[in-house]
Amino acid sequence: MRTKIVAGNWKMNKLPSEAAALIEGIRKATNEGDCGVEVVVCVPFVDIPAAAAALKGSKIGLGAQNMHWKANGAYTGEISAGMLKDLGVQYVILGHSERRQYFAETDETVNLKLKAALEAGLTPIVCVGETLQEREEGKMQDVIVNQVTKDLAGCQEDFEKIVIAYEPVWAIGTGKTATSTQAQEVHALIRATLAKMNPAKAEKVRIQYGGSMKPNNAADLMAKPDIDGGLIGGAALEADSFAAIVAAGK
Ligand code: PGA
């Protein structure tokens with residue numbers, strides 16, 4: 001009943017002049033995104049105009065990787081939700097662990113950004129996940145419940161518009177994937193946490209897995225009852241591997 005959603009997170013890769021070629025390849029390899037799975041590419045800010053042009057006429061969605069929570073003002077270097085909307089952006093990744101780790105993103109700022117994204121009509125992809133140390137110290141459950149509760153506070157009525165990505169930090173870019181059983185356990189915990197916040201809407205939230213999802217493990221992960229797609233880093237930088245993961249979600 002939940003449509004699977006597979007999103008590529010290009011991170012800080014691909015020049016504006018390189019974006020169209022990759023998108024062209026993804027269009028071909030995914031049948032224009034008309035494949036029973038919601039397909040999204042989240043590109044660097046400066047690639048957005050080229051990506052929007054290259055996506056015209058396809059069903060593939062366009063996403064950004066961050067935004068500021070204010071609508072406008074003296075915030076040098078920042079980008080607002082309205083600016084993204086104006087360029088045709090439909091999705092935005094919020095609270096990615098790299099932003100939490102390197103750019104001082106907190107649950108509080110993720111929550112402000114989430115509210116601003118919903119207000120602007122963007123579909124937010126909110127990332128949560130524990131570090132290796134937290135997992136080894138037995139704190140995974142507390143960390144996840146805490147992040148979900150704080151990041152989504154006050155947004156209970158809009159749950160069906162929100163996508164969550166569970167990305168164990170130790171699995172990102174490391175080639176080390178959570179097993180499908182490990183991932184399902186956390187996805188179920190996330191859904192149980194959402195159910196405490198809004199029992200009527202928790203089943204509607206799509207929860208992606210992210211962290212070294214590849215063509216060879218994607219089907220196994222997405223076969224689990226609470227894994228509703230993937231947020232793909234490395235494997236999203238090549239059309240064929242990205243399309244193979246999309247196909248695994250069918
Ligand atoms: P990865 O990145 O697929 O390269 O592990 C996933 C992500 O960080 O979203």
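This section covers the overall fold dimensions, one helix pair and two pockets of a predicted model.

The protein chain holds 10 helices and eight strands. Its radius of gyration is 17 Å. The globule rule gives 18 Å for 250 residues, so the chain is as compact as a globular protein of that length. Taken along the principal axes, the C-alpha atoms of the protein chain fill a box of roughly 45 × 45 × 35 Å.

Helix α1 spans residues 16-29, and helix α10 spans residues 239-248. The two helices pack at an angle of about 35°. Their axes lie 9 Å apart. The crossing of α1 and α10 is right-handed. On the α1 side, the contact is made by Leu22, Gly25, Ile26 and Ala29. Helix α10 contributes Ala239, Asp240, Phe242 and Ala243. By class, six residues of this contact are nonpolar, one is polar and one is charged. The charged residue is Asp240 of α10, and the polar one is Gly25 of α1.

Two pockets were examined next. The largest pocket has a volume of about 410 Å³. Its lining comprises 14 residues. Lys11, Met12, Gln65, Arg99 and Phe103 lie nearest the centre of this pocket. Helix α4, residues 97-102, gives the most to the lining, with three residues. The lining of the largest pocket has seven nonpolar, four polar and three charged residues.

The second largest pocket has a volume of about 210 Å³. It is lined by 15 residues. Those nearest its centre are Arg100, Gly129, Thr131, Gln147 and Val169. Three elements give two or more residues each to this lining: α4, β5 (123-128) and α7 (140-151). By class, the lining of the second largest pocket has four nonpolar, seven polar and four charged residues.

Helix α4 thus appears in both descriptions. It gives three residues to the lining of the largest pocket, and it gives two or more to that of the second largest.

Technical notes:
Residues are numbered from 1 along each chain as its sequence is written. This is a predicted model: local features need pLDDT of at least 70, side-chain atom pairs count only at pLDDT 80 or more; totals for chains, interfaces and linings use all residues. Side-chain values use heavy atoms; hydrogens and water are left out. Axes are lines fitted to C-alpha atoms, for helices over the stretch in contact, and angles run from 0 to 180 degrees between N-to-C directions. Helices (H or I, at least four residues) and strands (E, at least two) are DSSP runs, numbered from the N terminus. A crossing is left-handed if the near helix is turned anticlockwise from the far one by less than a right angle, and right-handed if clockwise. Contact means heavy atoms within 4.5 Å. On a 1 Å grid over the protein atoms alone, a cavity is a set of points where a 1.4 Å probe fits but cannot get out, and a pocket is an open set with protein on both sides within 12 Å along at least five of seven lines; lining residues have an atom within 4 Å of a point. Grid points are joined across faces, edges and corners, and a volume is the space filled by probe spheres set on the points. The radius of gyration is taken over C-alpha atoms; the globule rule is 2.2 Å times the number of residues to the power 0.38.
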